[in-house]
Structure formats: structure tokens, C-alpha cells
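Q: Could you take a close look at one part of this model for me, and then follow the chain outward from there? I'd like one connected story rather than a list.

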Amino acid sequence: QGAGRAGTCRAVDGKELADEERGIPIDLAMGASELTSSSGEPEPLGPSRNSDQSVNFSMVSVHATRVVLCVSQPKGGEVLEFDMHQSGDRWHVCVSGLGPSALYGFKVW
């Protein structure tokens, strides 16, 4: 695998982030947090804020065997990982407690 970024880094509110806003590397150790997760829904695709202010994340991967959602706050803080749930070729998880500027990414196996 080559060096560099694959894709665009976006905050939960959809804003594209400049390099200095991208947060911390995803390979940092996980720790305690006030975030909680549930299985979520397979639609709509992408991040979507629910009426209870939780955020549902959904993506498509036909060949994935495991997908993990990684979230952090911009400019530092720990990175938390949430296993996503599979429904056919859709992977999804719902996270409560995320602010609008939270950063997210996926690890896909």
C-alpha cells in the first residue's frame, strides 16, 4: 500500500477539512469516553444526524469482512473505534454524543 491519504477528510457536519484540522492519527490507543453506540440503520448512506442528535453512519462494501468506524475531535483527543454492523453489503453504526465537528474515518478489512 502506498503512502498518502485515500479520500477526503470531513467533519460530521460535512465540512471538508484542511490538513491542520484533520485531527490525530487513527492508530492511537482507545480510552474511556462519553460516546455510546448501537447498531444503527443501513440507510441513508454517509453520516446523518437523527432526531435524538445521535449520528448514524452507513457505507457500502461488497467485499469487506469487517468495518470499524473511527471518530475523534479535531486538533487532538483520543480516537475511538466502533465495530460496524453488516446488513447485506451495507455497514452501519449509530453513535451518541458526537459534536458537529467530530472527525471520522473507516478501517475496512
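A: Let's start with glutamine 53, which is partly exposed because its relative accessible area is 48%, between the cut-offs of 20% and 50%. This is a predicted model, so everything here is a reading of the prediction. Glutamine 53 sits in the loop between β2 and β3, and its backbone does something worth a look: phi is near 75°, a positive value in a residue that isn't glycine. The loop belongs to a hairpin, with five residues between the two strands.

Now step out to the strands on either side. β2 covers residues 46–49 and pairs with β3 in the antiparallel sense, over four bridges. Within that ladder, serine 48 stands opposite asparagine 56 of β3. Just back along the chain there's another backbone feature: the peptide bond from glutamate 43 to proline 44 is cis, with omega near 0°. Proline 44 is in the loop that links β1 (36–38) to β2.

β3 has a partner in β7 as well: these two run antiparallel and share six bridges. Asparagine 56 turns up here too, with cysteine 94 as its bridge partner in β7. β3 is mostly covered, with five of its six residues buried.

That brings us to the core. The largest nonpolar core has 17 residues, and the members touching the most others are Phe57, Leu69, Val71, Phe82, Met84, Val95 and Leu98. Four strands each give this core at least two residues: β3 (55–60), β4 (67–72), β5 (80–83) and β7 (90–96). As background, nonpolar side chains tend to be buried together in soluble globular proteins. For a feel of the packing, take valine 71: apart from neighbours within four places in sequence, its contacts are Leu35, Glu78, Val79, Leu80, Phe82, Leu98, Leu103 and Tyr104.

β4 also takes part in an open sheet of three strands, ordered β5-β4-β8 with antiparallel pairing. β5 and β8 (103–108) are the edges, each pairing on one side only. On average, neighbouring strands in this sheet are turned by 25° against each other, ignoring direction. Between β4 and β8 there are six bridges, and one pair to pick out is leucine 69 with phenylalanine 106.

Phenylalanine 106, in strand β8, makes a nice end point for the walk. Its relative accessible area is 33%, so it counts as partly exposed rather than buried, for which the value would have to be under 20%. Setting aside neighbours within four places in sequence, phenylalanine 106 contacts Met59, Val67, Val68, Leu69 and Met84. The Met59 contact ties β8 back to where we came from: the C-alpha atoms of phenylalanine 106 and methionine 59 are 9.4 Å apart, with their positions 47 residues apart along the chain.

One word on how far to trust the picture. Mean pLDDT for the chain is 76, and 68% of the residues reach 70 or more. Residues 17–33 fall below 50, although that stretch has 39 contacts in the model beyond near neighbours in sequence. Residues 1–9 stay under 50 as well, with eight contacts beyond four places in sequence.

Terms used
Residues numbered from 1 in each chain as written. Predicted model: local features only at pLDDT ≥ 70, side-chain atom pairs only at ≥ 80, totals over all residues. Heavy atoms only, no water. Core = buried A, V, L, I, M, F, W, Y, C linked by side-chain atoms within 4.5 Å. Buried < 20%, exposed > 50% of the residue type's maximum accessible area, 1.4 Å probe, protein only. Contact = heavy atoms within 4.5 Å. Pairing = 2+ DSSP bridges. Axes fitted to C-alpha atoms, helices over the stretch in contact; angles between N-to-C directions. pLDDT = per-residue confidence, 0-100.
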